[in-house]
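Q: Please take a close look at one part of this model, the sheet and its surroundings. A connected account would be preferred to a list.

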Amino acid sequence: MTSKGKRQLQVLDFFRKKPRVELTPNSDDELPKNPPVNKDDDELQSQYEISRAEHEYDIANFPGIDVANSRKVEILEKLWQPTETFQFPSSGNRNLKFQHKWFHQWKWLSYSKEVDGAYCKFCVLFNTNTGVGLGKHQKVGQLCTEKFCNWKKAKERFTEHQTREYHQHNVENAALITNIVKGKQDPINLQLNQEEKNQILENRKTLEPIIETVLLCGKQGLALRGHRDGGRIIVDPEKDDNEGNFREILRYRAKYDETLQRTLLNSKRNALYTSWNIQNEIIEISNDLILQKLITKINLSGYFSVLVDETTDISTTEQMSLCIRCVDPSFTFVEELFLQFIPIEDVTGKGIATAIVDNLKRLGIDVSKMRGQGYDGAAAMSGQFNGVQAHVRALYPQAIYVHCVAHSLNLAVSNSCEVSAIRNCLGTIETLYNFFHTPKRQLVLEESLKELEVASSDEKIKRLCATRWVERYNSVMVFVELFDGIILALHKISEWPDKESANAAHQLDCTLKKAEFVIALSVINQVFSYSSILCKMLQQRNIDLRKAANLAEDTIAEIKKLREDAKPGFAKLFAGVQEQAGRHRIDISQPRITSKQTNRCNVEVSHVEDYFRVSIYIPFLDAFLGNLEDRFTKHKEILMGFQCLLPTNPHSLTDKTLEEFKSLILFYKDDLNGSMDELTAELKLWYRLIAKLDKQEWPKDALSAIKYCADDVFPNIKTLLHILAVLPVSTAENERSFSTLRRLKNYLRNATSETRLNGLTLLHIFRELTPSVESILNKMSEKPRKLKIKL
């Protein structure tokens, strides 16, 4: 040994191949292919992800690396840097170690955790010299291609390195390459060749109309391709062939754009840039650029919830809509963002859960920040043991499952409509919709409405939607408005010589003139008016779970009030029914009562009003109330701990509230800082702050409360309110994306590829995030092309 820590080199050492570590963007060297997963503790997985990031961008991986300049700039920006609290290892008898303050003194310095050594990041990444010295025969060594770890002489060596000519050249080279990659400076070849630059600018200009046309069709949801859309576009005013929206828009634009016209006529056949391949590439680049903006917004917001629903498209592909619910970084509003449609083959709970987690990671979302899951109530999604929510919570225990509140309301209304009179009434309305769903009969209905001068903006009976109950209320409301015209139209049709139409009209006319139908229709119209308001509110994006639960409680309270005042309330409703019955000569009488009746209500009452109140009104209210309370019980349980953050009486902090708060702390302990006593003290100060506000200013939801949370005073309260704000309420955003899917992938476009579908969907939904033509051209220029477009 010539010196401490060094070994005397032998002759054979010069012929041994030195180990070299090269890292590519997808390299997982020296790391296990699959991260350790512990269902009881997700800390191992988060630690794995951190250590993987530290390994991938450790400076020791890059000496001698030969990659593109854009990759070098990316590595330079993402190099791993120890934090202020990082404990550097000691070495030698004197236990010397790297000092964090050296980073401030020598900005070019970089530390490797892998080899416990220092490097010059500019000399490692941007060194172009084969040697140094007068004859260029001396190789660069420590700090450039080898680590430096002699901490005793660190300051002397660092100061000496900083004055080296090759170091200064590498620093200048790094600045130049960075500016070129980021578009702040032209490459050297373009600076020397202005003519080439002008030609590239001209080429980019010729592609702008093509890209703008693709973006226009995407934003408007128009189909791009036609029956024949190959070859050169002929700008001929007499040509009347329909070649699809994309080519027709370009042809129309070329009439008034001489530059585009010359491009379409004179370009080589292999450089037209109007093929379906180029369309797909532009759409895919747009998809990536919009996704990048959305993912950046999600990661900046911190916590989020995942919203998932599935549907089958026109090509019988099971499509999973993946959406994210998060808070705007300024904490002013809640956003629900559609990300992608994902085709699903394995529809089991485990298969869907794997698809969700894998795609979130693939998109670059920090899955450890997931705090909620929003699905419908299907067994594959909500199952306690094998459902999607169970498999996801096994990996991320704090991602609690919330059953879609709007779906819960729909189920409550659906189940309550099983009362026989109500069910029969809704069935009759559906039958009448089908009956008038022909041109000839619809014309009779319209003439009858004009004859009676019915004050309604609708002239058609609306169909009772099987899933969207807010539309079901609209159907009932329209039917009530058109009732007089429907009676008259049925009477006219019953006199037709067409026996089939006449018989059906007569039967329906008799059904509508029954007392049970008329009373059930009025009862449905009254009760649905309450559920309709709640259903519309629950579909809003900017509503949190606390506000949704409060709205549900208010609705339940109003229905209870109707139930308590059933006698006077129904008396008023019955008077209106009698008035309507008098106009149409409908006999409101009590059905015959027998001692052995089992298929209908058989109560003995003295008045017809009492009979229908007991047989229809009260059973429907009881069923509706019971279903609402059952469906919303679980949502109240989820909110149990969060209720203490939005007190209804901040002047009183009870022991029960403190216990609920402590349970909340234990569940979210990884997100909070401080001991139990410190967090309890923070809650007490929070109550004092709210108590000082006027009662009208007491926060009712999470976002209105966050604005009072100073980061230095209530950091943990703000964190908990943030989590409350992102908890899922409904999967309405997924349903909106399905509407877009039906518009984009229809009967004539059923073979659309998944990549093209996602790009067009994002362009159609996020019109305000449409990427610029310049950014698309920059992405396209990364590949070699017939036309030079890379600046």
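A: Angles here run from 0 to 180 degrees between N-to-C directions, with axes taken as lines fitted to C-alpha atoms. The model is a predicted one, and its chain holds 32 helices and seven strands. Five strands make up an open sheet with mixed pairing, in the order 5-4-3-6-7. Its edges are strand 5 (334–343) and strand 7 (400–403), each of which pairs on one side only. Direction ignored, neighbouring strands of this sheet are turned against each other by 25° on average.

At one edge, strand 7 pairs with strand 6 (residues 370–375) in the parallel sense, over four bridges. Within this pairing, Tyr-375 has His-403 of strand 7 as its bridge partner. Towards the other edge, helix 31 (residues 754–765) lies across strand 4 and strand 5, and runs at about 160° to strand 5.

The loop between strand 3 (304–312) and strand 4 (318–327) carries Ile-314. This residue belongs to a nonpolar surface patch with Tyr-747 and Leu-748, and the three together have about 410 Å² of accessible area. Ile-314 has a relative accessible area of 45%, so it counts as partly exposed.

For the chain as a whole, 46% of the 791 residues count as buried. The accessible surface comes to about 41,700 Å², and carbon and sulfur atoms account for 49% of it. Among contacts with a separation of 6 or more, 69% join residues 24 or more positions apart.

Methods:
Residues numbered from 1 in each chain as written. Predicted model: local features only at pLDDT ≥ 70, side-chain atom pairs only at ≥ 80, totals over all residues. Heavy atoms only, no water. Patch = residues over 30% accessible without salt bridge, like charges linked within 9 Å, V, L, I, M, F, W, Y side chains within 5 Å. Areas by Shrake-Rupley, 256 points an atom, 1.4 Å probe, with all protein chains shown as cover. Salt bridge = Lys/Arg side-chain N within 4 Å of Asp/Glu carboxyl O. Helix = DSSP H or I, 4+ residues; strand = E, 2+ residues; numbered from the N terminus. Buried < 20%, exposed > 50% of the residue type's maximum accessible area, 1.4 Å probe, protein only. Pairing = 2+ DSSP bridges. Contact = heavy atoms within 4.5 Å.
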